[in-house]
Amino acid sequence: MYQDYTAIFLLLFTAVPLLVVALTAFFYVRNNERKQPLKREDFYR
(Lines give C-alpha, C1' and ligand atoms only; values in the text may rest on other atoms or scores of the structure.)
Protein backbone atom coordinates (compact mmCIF):
# COMPACT_ATOMS: atom_id res chain seq x y z
CA MET A 1 0.00 0.00 0.00
CA TYR A 2 2.81 2.43 0.83
CA GLN A 3 4.49 1.90 -2.54
CA ASP A 4 1.28 2.67 -4.41
CA TYR A 5 1.11 6.12 -2.87
CA THR A 6 4.76 6.86 -3.56
CA ALA A 7 4.33 5.90 -7.21
CA ILE A 8 1.32 8.20 -7.54
CA PHE A 9 3.18 10.99 -5.76
CA LEU A 10 6.23 10.67 -8.00
CA LEU A 11 4.06 10.64 -11.11
CA LEU A 12 2.26 13.80 -10.05
CA PHE A 13 5.48 15.42 -8.86
CA THR A 14 6.99 15.06 -12.34
CA ALA A 15 3.89 15.48 -14.52
CA VAL A 16 2.34 18.57 -12.94
CA PRO A 17 5.35 20.94 -13.28
CA LEU A 18 5.88 19.82 -16.88
CA LEU A 19 2.23 20.50 -17.63
CA VAL A 20 2.45 23.95 -16.03
CA VAL A 21 5.53 24.85 -18.08
CA ALA A 22 3.92 23.61 -21.30
CA LEU A 23 0.71 25.56 -20.69
CA THR A 24 2.62 28.70 -19.77
CA ALA A 25 4.68 28.54 -22.96
CA PHE A 26 1.58 27.82 -25.04
CA PHE A 27 -0.37 30.78 -23.70
CA TYR A 28 2.65 33.08 -23.94
CA VAL A 29 3.09 32.26 -27.62
CA ARG A 30 -0.64 32.44 -28.33
CA ASN A 31 -1.15 35.80 -26.64
CA ASN A 32 1.97 37.41 -28.04
CA GLU A 33 0.57 40.26 -30.12
CA ARG A 34 3.86 41.80 -31.19
CA LYS A 35 5.00 39.80 -34.19
CA GLN A 36 7.94 41.93 -35.28
CA PRO A 37 11.01 42.51 -33.12
CA LEU A 38 11.48 45.69 -31.17
CA LYS A 39 12.96 48.63 -33.00
CA ARG A 40 14.90 51.52 -31.62
CA GLU A 41 11.95 53.92 -31.95
CA ASP A 42 9.77 51.74 -29.73
CA PHE A 43 11.84 52.66 -26.69
CA TYR A 44 11.30 56.40 -27.17
CA ARG A 45 7.50 56.43 -27.11
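Rings of Phe, Tyr and Trp (for Trp, its six-membered ring) are taken as a pair if their centres lie within 6.5 Å; planes under 30 degrees apart count as stacked, over 60 as edge-to-face, and the rest as tilted. By that rule, the structure before us holds two aromatic pairs.

In the first, the ring centres of Phe9 and Phe13 are 5.7 Å apart and the planes meet at 25°, so this pair is stacked. The second, Phe26 with Phe27, is edge-to-face, with 5.4 Å from centre to centre and 70° between the planes.

A word on the source. This is a predicted model, in which local features need pLDDT of at least 70 and side-chain atom pairs count only at pLDDT 80 or more, while totals for chains, interfaces and linings use all residues. Residues are numbered from 1 along each chain as its sequence is written, and side-chain values use heavy atoms, with hydrogens and water left out.

Turning to the fold, the protein has one helix and zero strands; helices (H or I, at least four residues) and strands (E, at least two) are DSSP runs, numbered from the N terminus. Phe9 and Phe13 lie four residues apart in helix α1, and are therefore separated by about one helical turn. Leu12 also belongs to helix α1, which covers residues 2-30.

Next, exposure. Buried means under 20% relative accessible area, exposed over 50%, and partly exposed in between, with a 1.4 Å probe and protein chains only. Of the 45 residues of the protein, 2% count as buried. Phe9 and Phe13 are both exposed. Phe26 is partly exposed because its relative accessible area is 46%, and Phe27, at 39%, is likewise partly exposed. Leu12 counts as partly exposed at 48% relative accessibility.
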